[in-house]
Structure formats: C-alpha cells, structure tokens
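Biologist: I should be grateful for a close look at a single part of this model, namely the surroundings of the ligand. Please then set that part in the context of the chain.

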Amino acid sequence: MINLGRRYLQFWPVFLALLFLVIQVVTNLWLPTITADIINKGIAQHDMSYIWNMGGIMLIVAIASWVSAIINVYYASRQSQRLGMNLRHDLFKKILFMDDAAFHDFGDSTLITRTTNDVTQLQNVFQTILRMMLMAPMMLIGSIFMAWKLSANLMVVFLVSLPILTLAVVINMGIAIPRFRSMQSKIDKINLVFQQGLTGVRVIRAFNRDDYEVKKFDEANRDLTHTSRVVLTTVAMLMPIMTVILSFTNIAIVWFGADLIGKNMMGMGNLVAFLTYATQILMSFMQLSAVAVMVPRAQVSATRVREVLERPDKVLDPEKVLDKNVSDIKLDFDDVSYKFDEAERNALSHLTAEITAGQTLAVIGGTGSGKSTLINLIARLMDVTDGSIKLNGTDIRQISQHELHDKVAITQQKAVLFSGTVRSNLYFGKPDASDDEMWKALEIAQASDFVKEQGGLDMPVEQNGDNFSGGQRQRLAIARTLIKPADIYLFDDSFSALDFATDAKLRLAISQSEKHAQAIKVIVAQRIATVMNANQILVLENGEMAGLGSHKELAKSCPQYQEIMRSQLSDKDLSAMGIEIKSLKSEENKGGDSL
Ligand SMILES: Nc1ncnc2c1ncn2[C@@H]1O[C@H](COP(=O)(O)OP(=O)(O)OP(=O)(O)O)[C@@H](O)[C@H]1O
C-alpha cells in the first residue's frame, strides 16, 4: 500500500495536508487549556477583561482550527480522488494491453472488481490516512500530555479504561480482519455469476435454467451478505462499547475530580479541560482502531491491484525497432509452436509456411486444432513459445506492437461491435474514413444493403451490436476490418455466420478489391467452400500441420482434408474432382444413417 502511495500521491499537496493537520491538532489541544484559564481566572475571580481577552484568543484559535481542517480535508480529498482516478486509468490501460494468457488467468469479473471496488477501498483509506490516521496518534499523545499536565492524579482513571478499551478493540479486530479478506473474493464471485448470467441470459432462458442460475446467484449473494453482516456488525459494536467506556471514564473523572477540587488540589476549570482531554484521548484511540481495521482491508485491495499492475507483460516491444522501410509484404512461419502456460501439450506445433503479397492462406481444421491460436500469434495478442513469425523478413517481436497493429487488421471469431453508430464503428478501422470509403467497405462485406435499409451510416449500434442479427454483426465487423489500410487481413472464422451465397460473394468481392489486392489474407474457416480457392490451405489437427498446399494437392494427398471434404461435399462433387473418396464415403454410409 505504501508502494502505491509513493507512486500515486504528490509531494506538495500531501505535505500541505499534513502541515494543516498538525496546525489543527495543536489548536485543538490548546482550546481546552484556554477554557480552563477562563474558568479558573476569569469566572472564578469575576475578571471580565480577562474573559474578553481570552475569549478573543479562543475565537482566533477556533477559527485557525476550523480553517486548517478545511484545508486538510481539501488536500486529503483531492489526493485520494486523484489516486483513485490514476489507479483506474493505469489498470484500464494495463488490462487493454494485457496478453491473452494473462487475461484468461485473471478472468473479467475479478478485473472489474479490482478496477472499481478495490480502488475505492484504497481511495477511502488514503483519504483516512491523510486525515485520521495521522491526527489520531498526534491527538492521543498530545491529549495525554496535556491531561497529565493538568492533573497527574486523575490520570489513574485511564489505567483502568484504556486496557478495557484495548481489549475491546483487539477482540473486535480479531473477528473483523480475516473476514475483510474474504469479502473481496466474495465480491469477485458475485460479479462472476452476475456477468455470466447477463451474457448467457438467452441460453439460460432457453434451457429453463433460470431457477438454477437464480439459486447460484442467491448463494453467492447470501454468502457475501453473511460475511458483510458479521464484519460490519462487529465494527459497529465498537462504537457503543466506546461510548459506555467513555461515559464511565467521565463519571470517574468527575467523581475523583470533585474530591480533588474539595481538597483545593485542582481548579474547576482544570476539571472541565481534563474532561475534554479525556474525550479526545478516547476518541483518538477509537479513530486509531478504526484505521487499524481499515488498513488491513485496504492492504488486501492494494495487493489485488498490484497483482494486475505488476503482472509482467509477455508481449513486449523490442528495445530497438528494426526494418522500417520494407515495401514487400511477406509472412513467414518458421517452426512456430505455442503452448499455453497451464496446458499439457502445444496448442500449435512446428508450423512452417510462407505467404507472399496478395496471397490468401486458408486455415481449416477441427475444433481446438489451433486455428485461433495461429491468428492471435500473427496479431501478437500472444507471442510464440518456439520458432518465429516473420513479417517481411523481420521477426514480429522486433517490430513495435503499435507498428505491427497498424499493419494488421483482424476480425475475431466472435464479432465485437461497440455501442454508437455504424459510422463510429467503422472509424475504429480508419479514423479519417470518408463516407465513400465506408460504403465501399460495407459493399465488399455485403453489409451495404441492410445498412442502407435501416438508416444509413448513422444508424445506431446498441451495446454488443444487439440490434443486429449474428450474420449482420459479423458483416459489420468484417467491413470495419476491410476499411483499415493494412498489409495483413486476418479473419478468424468470421464467415461462419454467413450463408453460403453471401460467403461466396464476400470472398469474391475481397479478391476483386484493388485496395486489398496486395495484402496477405489469412482466413480461418470450417467450410471447404470457403477455403478451396485460397492459394494455400493449411490443415491443422491437434495443433499439428496435417497438410499445406492448394485444394487440388490436398484433395489428392491429405487424408485429413479428404475427411473434411467427405463430410461436406456431395458424391457428385467428389467424383468430379477425380478423387477416390466416393468409395470411402459409400463404405461409411453402409454403416448406418447419415445426416
Ligand atoms: N487460454 C487458454 N488456456 C489454455 N488452453 C487454451 C486456451 N485457449 C485455447 N486453449 C487450447 O488450445 C487449443 C487450440 O485452441 P484454439 O482456440 O486455437 O482452437 P481453434 O482451432 O480455433 O478452435 P475452434 O475452431 O473451436 O475455435 C485447444 O486445445 C484449446 O483447448
């Protein structure tokens, strides 16, 4: 926590907050002494001019205390709010640039809690530190000293009340602190269930799982409520306990004080001042214990926030950026492998291939065969664990991420649209795009018809593009990719939500587009029809290269490719290709029904 404070607080505002805090403490400690003097000398001796003089001084001291408190609160609030704002900014930025593996390790729900709830905890504790945490010990020590100066005899009362108070605080903290720790992870849990419920709302309804999901949410909710109730009740109990101890302390002071006054060992004014110091001693003690409860909780939050901020970046920019002016476009995979941290086997193994300007590489394979991994490696959303990917002869790890992302345009498997308009979504691809460019991209992506019908470029896009069908969302996402001027266009199974005819028209339009003619296209697909016209087709099986070549070559020589063909093409198509697949298919069909 101290580390975060050092990084995010500014010296001068913190110094001023502390300076005015000290002034406030000194003036607060002074005021009861002035009261004692007014009573002892002014009132007891009917000295009106003394009362007026001391009253004036008292007013000035009170105003100084008041002004100091305002200035301290101002700087303390400003600094803690600033700390919160900057922490949220840095966390958001860190999360945006986090590599895929780190993102999965944390999970979105905890990242949200850490950026919101945990930062708020820290913000509150820093506000408290800059006010209460430093004021309380100063007031405590100062008040004990001043009270002792007024009457050493009466200090005996504290020998009883302070140990009782300490015991109450220790028991209280013993119950509360461990539960504070588990509270944050329970907030994570509730966020996770809530988020999954929101994203999967349709599936939940369709499978009649609403009762089950509500039950799951209720369990998490009850768990959090129970822990919070125990913690907050325990902390709240401290206040009435304190009040009782304070009342008994005051009674004891008045009791013994009256005796001392009777014996002329103490003035009336001193007793009044002593009572004020006694209250200040016990209040400061209580404030300290409140801080003692807050700090461990904030420490938990600080650790959680630092885990995100200090997570080492696996995808790093090179120290020296190489090869800026190469005009040729070439993509090489040189014995590329990738393994997820926790995985037992490689998601992609020993891939070697070369794609040159204007070529299309299609990637086909079963689920989990490593297709998306390959796309993510090209875009450097993660880095190869072995081998290298070279762009124009330069290892992409030697190119700055910013420069690489300028050269690469990607459509992810799940189309992501941002709330706004069609236009604002297309600006993501090219911030200075003209209307003509937008319509051109929409035309290639086969999206211009429905955009025209539904209100043009300024038609609204709801959150997640919920006001579009799956296929329309996919086509808008493709248009956003195509409008971007890039050397490499990556389509991660982006055509699967389109019908055959639209898929074919879209690929034809891309192949005829002048803007995209020189670029490399990498298309991940499940359908033979989508990949068969590509210059090269990469067949993946369990992360291994099962084949690489043209459709014709693979249809002759690659059993895995033939298998995919058999499952998707008719006998007529297969025999037209002159491949001995028909017999295999007939064999299979003897075995039973086919869909
Ligand atoms: N974050 C991850 N952590 C661990 N393993 C992962 C992770 N993401 C993917 N994998 C594994 O890596 C392998 C390749 O996954 P990938 O997403 O590249 O497959 P894919 O061919 O794109 O599949 P699909 O067609 O179903 O999208 C799979 O076995 C998958 O289980």
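Modeller: A residue is near a molecule if its C-beta atom, placed from the backbone, lies within 6 Å of it. The model is predicted, and in it 14 residues surround the ligand. The closest of these are Phe340, Ala347, Thr367, Ser372 and Thr373. By class, the shell around the ligand divides into nine polar, three nonpolar and two charged residues. Helix α10, residues 371-378, supplies the largest share of that shell, with three residues.

The chain that carries this site has 21 helices and twelve strands. Its radius of gyration is 36 Å, well over the 25 Å that the globule rule gives for 595 residues, so the protein chain is more spread out than a compact globule. The C-alpha trace spans about 120 × 55 × 50 Å along its principal axes. Of the 595 residues, 34% count as buried. Where contacts join residues at least 6 apart in sequence, 77% of them link residues at least 24 apart.

For the membrane part, an unreviewed UniProt entry places the feature "transmembrane region" at residues 12-31, 51-75, 129-148, 154-177, 230-257 and 277-296. Two of these spans may be compared with the model. Residues 154-177 are 92% helix and 0% strand, with end C-alpha atoms 35 Å apart. Residues 277-296 are 100% helix and 0% strand, and their end C-alpha atoms lie 29 Å apart.

Later in the sequence than helix α10 comes strand β6, residues 408-411, from which Val408 and Ile410 point one way and Ala409 and Thr411 the other. All four of these residues are buried. Strand β6 pairs with β9 in the parallel sense over four bridges, and Val408 stands opposite Ile488 in β9.

Strand β9, residues 488-492, also leads towards Ala497, which sits in the loop between β9 and α16, residues 500-512. Ala497 has 19 C-beta neighbours inside 10 Å, and because a residue is buried only with 20 or more and exposed with 12 or fewer, Ala497 counts as partly exposed. Beyond its neighbours within four places in sequence, Ala497 is in contact with Gly470, Gly471 and Gln474. Asn533 lies 36 residues from Ala497 in sequence, and the two are 19 Å apart in space, C-alpha to C-alpha.

Note on methods. Residues are numbered from 1 along each chain as its sequence is written. This is a predicted model: local features need pLDDT of at least 70, side-chain atom pairs count only at pLDDT 80 or more; totals for chains, interfaces and linings use all residues. Helices (H or I, at least four residues) and strands (E, at least two) are DSSP runs, numbered from the N terminus. Ala, Val, Leu, Ile, Met, Phe, Trp, Tyr, Cys and Pro count as nonpolar, Asp, Glu, Lys and Arg as charged, and the others, Gly among them, as polar. UniProt positions are given in the numbering used here, feature names are shortened, and annotations may be inferred rather than shown by experiment. The radius of gyration is taken over C-alpha atoms; the globule rule is 2.2 Å times the number of residues to the power 0.38. Two residues are in contact if their C-beta atoms, placed from the backbone, lie within 7 Å. Two strands pair if DSSP finds at least two bridges between them.
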